[in-house]
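The exercises below work through one structure, each with a task sentence and a solution that goes step by step. Please look at the sequence and the model before reading the solutions.

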Amino acid sequence: MLRQISRNGAADQGGKPVLFSCSGISLDLGGREILRDINLQVEAGEVLGIIGPNGAGKTSLFEILSGRMPPKSGTVWFKGENVTGLPLYSRSRLGIGRTFQTPVVPDELTVGETFKAARQAHRPFLTKFDAEYGADLVGLKISEDTSATQLETFNRRKLLLACLLMRRPSLLLLDEPAAGLINSEVDEIDKLLRTLAKEMNIAILIVEHRIELLATIADRIVVMDAGEVISEGLMDEVMADPKVHAAYFEDFSEEAEG
Ligand SMILES: Nc1ncnc2c1ncn2[C@@H]1O[C@H](COP(=O)(O)OP(=O)(O)OP(=O)(O)O)[C@@H](O)[C@H]1O
């Protein structure tokens, strides 16, 4: 069942304050409707998993929630403030961090220089202690002289996450954080995300195809298909929803035919 969002996203029906929400988000790209009337909300320390077949619009939604793209219509709220018109960097300074499906690191920088660039992109500048805090939190144990492009996928993901965490965000938008990782690495990510949400009270919106990861860490799941939210609830509830079955079944049968 979809929950009600108050006009300024300030409170949900359970009485806990909503940290972040969006209402009525729509997006057109290339003359096509990509997102239609998306409503979501998350409270501090909550992990909201977003799933859906390929092309459902998950990444496009993150583009809007993080401030990389304006919606055609709709509103994004963070800590009771309307942030719809704020660019990415302003939202980042307010405490919203985002990672991408592909962990792209700077071409010509070392690990230490990457941290330095991230520290100096923050206002006021962050210190080396902040960088050490981020690296410790994610368990990044790499010499700072190592070229960032020499890192394999897991350490690239850790480096980028550490650069976000040193800013002490209160919301993370994670786009497929387990993509390209082996099972033991997924377990480590699972543990880290639990710590961030449940011990540090960081809210997490996570797009992830690995259902086994979401099943253990997500408090709630939202299912998207063809630009819309088609189901919302506990993992078991959405998995039993005929609309979700239909969305995935049609997707697979189209792939098989193609
Ligand atoms: N710049 C663009 N111009 C036109 N269409 C776009 C653009 N970016 C994305 N799309 C289309 O928007 C739809 C949603 O894409 P999006 O990448 O948001 O889906 P997704 O759910 O993240 O998919 P996946 O799971 O494969 O990453 C797709 O049909 C895609 O082709």
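**Exercise 1. The ligand shell**

Task: determine which residues surround the ligand, which helix gives the most to this shell, and how the shell divides by class.

Solution. Step one is to list the shell, where a residue is near a molecule if its C-beta atom, placed from the backbone, lies within 6 Å of it. The ligand is surrounded by Leu29, Gly30, Ile34, Gly52, Asn54, Gly55, Ala56, Gly57, Lys58, Thr59 and Ser60.

This is a predicted model, in which local features need pLDDT of at least 70 and side-chain atom pairs count only at pLDDT 80 or more, while totals for chains, interfaces and linings use all residues. Residues are numbered from 1 along each chain as its sequence is written.

Step two assigns the shell to secondary structure, with helices (H or I, at least four residues) and strands (E, at least two) taken as DSSP runs numbered from the N terminus. Helix α1, residues 58-66, gives the most, with three residues.

Step three sorts by class: Ala, Val, Leu, Ile, Met, Phe, Trp, Tyr, Cys and Pro count as nonpolar, Asp, Glu, Lys and Arg as charged, and the others, Gly among them, as polar. The shell then has seven polar, three nonpolar and one charged residues.

**Exercise 2. The surroundings of helix α1**

Task: decide whether α1 is largely enclosed or open, and describe what follows it.

Solution. Burial is judged by counting other C-beta atoms, placed from the backbone, within 10 Å of a residue's own: 20 or more means buried, 12 or fewer exposed, and anything in between partly exposed. Eight of the nine residues of α1 are buried, so the helix is largely enclosed by the rest of the structure. The buried residues are Lys58, Ser60, Leu61, Phe62, Glu63, Ile64, Leu65 and Ser66. After α1 comes glycine 67, which has a positive phi near 95°.

**Exercise 3. Domains and the core**

Task: describe how the chain is divided, how the parts touch, and where the largest nonpolar core draws its residues.

Solution. The domain bounds, which come from an automatic or database domain assignment, give domain 1 (1-95 + 170-258) and domain 2 (105-168). Their C-alpha centres lie 25 Å apart. Taking two residues to be in contact if their C-beta atoms, placed from the backbone, lie within 7 Å, seven residues of domain 1 are in contact with six residues of domain 2. On the domain 1 side, the touching residues are four nonpolar, two charged and one polar.

Next comes the core, a set of buried Ala, Val, Leu, Ile, Met, Phe, Trp, Tyr and Cys residues joined through C-beta atoms within 7 Å. The largest such core has 68 residues, and those with the most contacts inside it are Ala162 and Ile204. Its largest share, seven residues, comes from α5, and the core draws at least three residues from each of the two domains. Isoleucine 204, leaving out residues up to four places away in sequence, touches Val47, Leu172, Leu174, Leu193, Leu196 and Ala197.

**Exercise 4. Leucine 159**

Task: establish whether leucine 159 is buried or exposed, and which residues it contacts.

Solution. Leucine 159 is placed in helix α5, residues 153-165. Because leucine 159 has 24 C-beta neighbours inside 10 Å, it counts as buried. Beyond its neighbours within four places in sequence, leucine 159 is in contact with Val105, Val111, Thr114, Leu140, Ala148 and Leu151. Leucine 159 and valine 104, 55 residues apart in sequence, are 10 Å apart in space, C-alpha to C-alpha.

**Exercise 5. Backbone exceptions**

Task: find where the backbone of aspartate 37, alanine 226 and proline 124 lies, and what is notable in its angles.

Solution. The starting point is that most residues other than glycine have a negative phi, and most peptide bonds are trans. Aspartate 37, although not a glycine, has a positive phi of about 50°; it belongs to strand β2, residues 32-43, and is partly exposed, with 13 other C-beta atoms within 10 Å. Alanine 226, also not a glycine, has a positive phi of about 45°. Alanine 226 lies in the loop between β9 (220-225) and β10 (228-233) and is partly exposed, with 17 other C-beta atoms within 10 Å. The peptide bond from arginine 123 to proline 124 is cis, with omega near -5°, and proline 124 is in the loop between α3 (111-120) and α4 (128-138).
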